Amino acid sequence: MPADSYFAHGAIRFTIAGMKNYYLLLLLLCSMGQARADWTVLLPEDYRTEVAIQIAVKDLATEGLAHGIVIRTGTQSSSLQTHRIVVGSAGRNPTAANLQREGTFLPQGVKKPEGFEIFTVTEEGAKTVWVSGGSVAGDVYGLYWVWDRIRAFGHIPDINVKREPVLDHRYTRIPVRSKADIERALRYGLNLVFGENPLRLVPWNTEPERTENGAYRETTRELAEYAHRLGLKFMTFGTDFTYHPSLLEEFGATLDPEDPRFWEAVQAKYRRLLKAMPELDGVGTFIADEQRYWGEYRTFDVVHGGGEGDWSPAKRHRTFVTKVWEVVVGEFDKLLLHRTWAPNAFEQQAQPAVYESIFTDEVPSKNLYLIPSFTQNDRWFFQSYNPTINRTPHRTMVVCENLDYHAGGNLFPTYPGPYFQAGLQTMLDTSSSNLVGVSLDLPGHEDWRTRSLTAYTVARLSWNHHEDVETIARDFCAIHFGPEAATGMAEILLMSPVAYKYGLYIEPAAYGQFNSLPHIRVGQFVARGYPSIDGGKEHIEFLRNLYLRCKPWIPETLAYLDHGQATVERMLEQLQRTRDKIAKEEVAEDIVEALETTQILIRTNNRYVKTFFAYFQYREDPSDENRLALKNLDADLRATRDQFVKSPGYGYQMFGVDQLLINVREALEDLSQAETNLVEAPSSDEIERFVEEEQKRYVEVLKEHVDETVHLLTWRGKIDGRDLLRIRGSEVEVEHLRWDGPSVEKSEVHAPLPRKGGTVLPKRIGTRDAHPFVLEQPSEENLYTAEIYLYDIPSGGDWWEFELYFIPRDPSELGLRQTLKRR
């Protein structure tokens, strides 16, 4: 028999090699006396061709073997010699029909095709578990509930349950790249996935995009067909309005919403997409400033950019959605999902009145699903749930993100169960809810960290938003830490959002803000302004604003912070009692490290806030008592900071903390001089005006000394925030300073930077208003390293392209500064 032949039995197919491994493990388990029970899965004959059923049964068998349970597929004539899992309703499975006719089970039936009932009965020591779904999909989800019970209990318990999804549309915004990703989505109970970005699927009339996109379409077509075989919808998702310049040229269109040819081009993009990819079930769009594009592609802000007419932002937004709907739904009868996020507190993301002004009756509702964020503003704790949900007749699908914007290094996960449950109850338990869907971020692999924990929790709540969140936590812990550790670890999980909310957020400063965690962002204590230039002036002003918001309630603010710290300490105490019950030693060691890292992060934040409170109190009243208090807190913060940096799970940047420590030390050494330094330091506006003048001089110098220039570097990348590019010789590195990290597309060194004095000048090819500027020129003191500051203004990332040139003249000769850094 050929090596690639397969054996088909029931609904599972294995390669010969796979079958050998399967039966070797089976024989081993039986010989060791570990096979607790044999189970036979009885499937309807026509389920042999149902791929989703095949995958579910294979997953069931694999998980069973991990727990010493042998699960095989059988035929309808199989005798009752083992426990049985009967799959399919009485109308699909003859064995099920017999069970119902005999009165063994009395199903109530389910209203939704994806729903299922599971019954268990024991006769003469043999169990029968009947999985009866409202459709094939319901049978699949029912099998995966049995699979989940094996994972949580270590065996197949008596299951008597009726489950129907409260949210009919369950998807992941994480693009699927493989069949394995689609299968993983199925395991999480999802029924819709996104694939490739539309820019990679549209048949553009240019090369190399035409050829490249042809290959992407073939790959996407295969994934779409596979998703359909598993019963999942497959869509494309992209940001808008992104386009290839050739599209505007073809239509003679301008980037102006009042230009009819612009809307013709918009519609042509999606018409060509769906003609080329009829396999797609629909399109997802997003017009906020987190745009995804690359290479020759471009983006246009439909709501705020271009045109000098009187079109309001609401009209622009409404027109965009309507025009895309006319093609996607009107012409092709597909689905249109539209993300309503905006990175501010005054547009449709946060303001119901603005939302209602956009999504009026002019916007059709057929096949249109709006996707708001879960909260009114950014972050989650100390934020209201999104008030735009249920404000118009348009159906919505809410986004459930990981509650861990503090993430960085090896930290303990944040359990979102109580938070998401209360939110879903707020949104769904009304007489006229329009919430019909939810998204979760599909994990790349299974583990116990925040992403997997969040996905598991959201998946459970999407079926029953009233399910006991302690039970969900305990099941998750049983799966990942073992049944013996489940209760103890679940208690720790339930404390985690309390520890993070009160241990990291500054309560009075969080209310009413778009961002309720302004001093921390994804592995970083943020430093505001240009610390290397302004000596911390803007950062100190930022901290003072936080201090003033808390000043009337400083004891209460510190009490909240101490409550967060006390909570993580209780978590550690509980872990000490539970650690030895965790099934795998390597997992136990990792959890201990994660929770200890979380503890030192929270303690660092606690000392950070207390120190900057004391710093401003000392500046307000420079008494000996306040000086001593600041000195003691300074020492405590330094020690805590150093302990954090040296901890095994450390993965943070301490910019904000380190800048505060510099300013505190200056104040303790000479308060009067420290005050003078801050007053005399330039503001950000002054720095940016100076930089603008310096950049004008770059252009003049390059023209004046064109014969002397040496082309050093061509660089292209996406910048969102602040980054520092350094070049020394032929080595180029980019240090990330703030917001999202850079994406480097091109970094081509044409000549090494000479190891001698001279001047490096950037030449702008395509950047935003701030442009690159030289923070420090090469010198012997800095080992002949040039530092180029990259600051993306305004908000939202964008692609930067520039070149660097070297002129063998001292900056002073050229009317430029050697450095902008504060000495």
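Visitor: What makes S9, helix H5 and S10 a β-α-β unit, and why is the unit called right-handed?

Guide: In this predicted model, S9, helix H5 (residues 179–187) and S10 make up the unit in question. It is called right-handed because, with the strands pointing away from the viewer, the path from the first strand over the helix to the second runs clockwise. The two strands of the unit, S9 and strand S10 (residues 192–194), run parallel and are joined by two bridges, and Thr172 stands opposite Val193 in S10.

Visitor: How do you know that S9 and strand S18 pair, and in which sense do they do so?

Guide: Pairing calls for at least two bridges between two strands, and S9 and strand S18 (residues 435–439) have three bridges, in the parallel sense, so the condition is met. One of the residues involved is Arg170, whose bridge partner in S18 is Val438.

Visitor: What makes the side chains of strand S9 count as buried, and which way do they point?

Guide: Buried means a relative accessible area under 20%, and the four residues His169, Arg170, Tyr171 and Thr172 are all buried. His169 and Tyr171 point one way from strand S9 (residues 169–172), whereas Arg170 and Thr172 point the other way. In a regular strand the side chains alternate between the two faces of the sheet.

Visitor: Which strands form the closed barrel, and with what pairing?

Guide: The closed barrel has eight strands, running S9-S10-S11-S13-S15-S16-S17-S18, and the pairing is parallel. Neighbouring strands of this sheet are turned by 25° against each other on average, with direction ignored. Within the barrel, strand S11 (residues 233–237) and strand S13 (residues 282–286) pair in the parallel sense over two bridges, with Phe237 standing opposite Gly284 in S13. Helix H9 (residues 313–331) lies across S13, strand S15 (335–339) and strand S16 (368–371), and it runs at about 160° to S15; angles over 145 count as roughly antiparallel, so H9 and S15 fall in that class.

Visitor: Why are S4 and S8 called the edge strands of the open sheet?

Guide: The open sheet has six strands in the order S4-S3-S5-S7-S6-S8, and its pairing is mixed. Strand S4 (69–74) and strand S8 (161–163) are its edge strands, as each pairs on one side only, and the twist from one strand to the next averages 20°. Inside this sheet, strand S3 (residues 37–42) runs parallel to strand S5 (residues 83–87), and four bridges join them, while Trp39 stands opposite His83 in S5.

Visitor: How do you know whether helices H19 and H22 are roughly parallel or roughly perpendicular to each other?

Guide: The axes of helix H19 (residues 585–620) and helix H22 (residues 671–680) come within 11 Å and cross at roughly 105°. Angles of 65 to 115 degrees count as roughly perpendicular, and H19 and H22 are therefore roughly perpendicular to each other. Their contact is made by Tyr615, Tyr618 and Arg619 of H19 together with Leu671, Glu675 and Leu678 of H22, and by class it has four nonpolar, no polar and two charged residues.

Visitor: What decides whether Ser684 is buried or exposed?

Guide: Ser684 belongs to helix H23 (residues 684–704). Its relative accessible area is 12%, and the cut-off for buried is under 20%, so Ser684 is buried. Leaving aside neighbours within four places in sequence, Ser684 is in contact with Gly529, Tyr530 and Glu538.

Methods: Residues numbered from 1 in each chain as written. Predicted model: local features only at pLDDT ≥ 70, side-chain atom pairs only at ≥ 80, totals over all residues. Heavy atoms only, no water. Axes fitted to C-alpha atoms, helices over the stretch in contact; angles between N-to-C directions. Parallel < 35°, antiparallel > 145°, perpendicular 65-115°, else oblique. Contact = heavy atoms within 4.5 Å. Nonpolar A, V, L, I, M, F, W, Y, C, P; charged D, E, K, R; others polar. Buried < 20%, exposed > 50% of the residue type's maximum accessible area, 1.4 Å probe, protein only.
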